Amino acid sequence: MNIEILNETLRILICVFILIIPSSLFVSNLILILNSEKQSYTFSFKDEGTLIGILERLLIFNLFLLDALSSIGLIIATKTMVRYGQFEELGVNKNFRAKYLIGTLSSVHCVTFVLLVYGLLENINIV
């Protein structure tokens, strides 16, 4: 196997790992810290919000690698349209809008950080 292809594959796998576990923990803990209701929360991959965040980060990362930057805005807009009904339901969770915005923006921030790591790894031969 070509060593350049192997290095590129390992760079992408490192970034995907960071986007799945550490980023999920970062976003979950950030929302928990800023949650005014102070509800107890246990991190789990079975939580739908966690899965949506992971998929969102991976999709944004892939779109960036494919140089489809305009599609990133479409992803965020689509996510907002799907969640719009929950924005109107005040009885469900009064902090939902804030948690949604914090989660989305911190996810984009995590992808930006991982893209910086990806760029830094470009000059390092992993294998």
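## Helix packing exercises

With a disulfide taken as a pair of cysteine sulfur atoms within 2.5 Å, the count here comes to 0 disulfides. The model is predicted, so to speak of a local feature takes a pLDDT of at least 70 and a side-chain atom pair a pLDDT of 80 or more, while totals for chains, interfaces and linings use all residues. Residues are numbered from 1 along each chain as its sequence is written, and side-chain values use heavy atoms, with hydrogens and water left out.

**Exercise 1. Work out the secondary structure pattern of the protein and the share of its residues that count as buried.**

Step 1. Go for the elements. Helices are DSSP runs of H or I with at least four residues, strands are runs of E with at least two, and both are numbered from the N terminus. The protein comes to 4 helices and 0 strands.

Step 2. Read along the sequence, and you get α-α-α-α.

Step 3. Now burial: buried means under 20% relative accessible area, exposed over 50%, and partly exposed in between (1.4 Å probe, protein chains only). Of the 127 residues, 29% count as buried.

Step 4. Finish with contacts, meaning heavy atoms within 4.5 Å. Take those with a separation of 6 or more: 71% of them join residues 24 or more positions apart.

**Exercise 2. Are Cys 15 and Cys 110 buried or exposed?**

Step 1. Cys 15 has a relative accessible area of 0%, so it is buried.

Step 2. Cys 110 comes in at 6%, so it is buried too.

Step 3. Place them in the packing. Cys 15 is one of the H1 residues that meet H2, and Cys 110 is among the H4 residues that meet H2.

**Exercise 3. Describe how H2 packs against H4.**

Step 1. Two packed helices are described by the angle between their axes and the distance between the axes. Axes are lines fitted to C-alpha atoms, for helices over the stretch in contact, and angles run from 0 to 180 degrees between N-to-C directions. H2 (residues 48–65) and H4 (residues 96–121) make an angle of about 45 degrees, with axes 10 Å apart.

Step 2. Classify the angle: under 35 degrees is roughly parallel, over 145 roughly antiparallel, 65 to 115 roughly perpendicular, and the rest oblique. H2 and H4 are therefore oblique to each other.

Step 3. Check the hand: left-handed if the near helix is turned anticlockwise from the far one by less than a right angle, right-handed if clockwise. H2 and H4 cross in the right-handed way.

Step 4. Look at who meets whom. On the H2 side you'll find Gly 53, Glu 56, Arg 57 and Phe 61, among others, and the H4 partners include Ser 107, Val 111 and Tyr 118. By class, the contact has 10 nonpolar, 3 polar and 2 charged residues (Ala, Val, Leu, Ile, Met, Phe, Trp, Tyr, Cys and Pro are nonpolar, Asp, Glu, Lys and Arg charged, the others, including Gly, polar).

**Exercise 4. Which residues does Ser 24 touch, and which does Ser 107 touch?**

Step 1. Ser 24 sits in H1 (residues 3–34) and is buried at 2% relative accessible area.

Step 2. Leaving out residues up to four places away in sequence, Ser 24 touches Leu 19, Phe 43, Thr 50, Ile 54 and Arg 57.

Step 3. Over in H4, Ser 107 is buried at 1%. With that sequence cut-off, Ser 107 touches Val 27, Gly 53, Glu 56 and Arg 57.

**Exercise 5. At what angles does H1 pack with H2 and cross H4?**

Step 1. H1 and H2 pack at about 145 degrees, with axes 10 Å apart, in a right-handed crossing. Their contact has 10 nonpolar, 4 polar and 1 charged residues.

Step 2. The axes of H1 and H4 come within 9 Å and cross at roughly 150 degrees. That makes H1 roughly antiparallel to H4.

Step 3. H1 passes H4 in a right-handed crossing, and the contact residues divide into 17 nonpolar, 4 polar and 3 charged.
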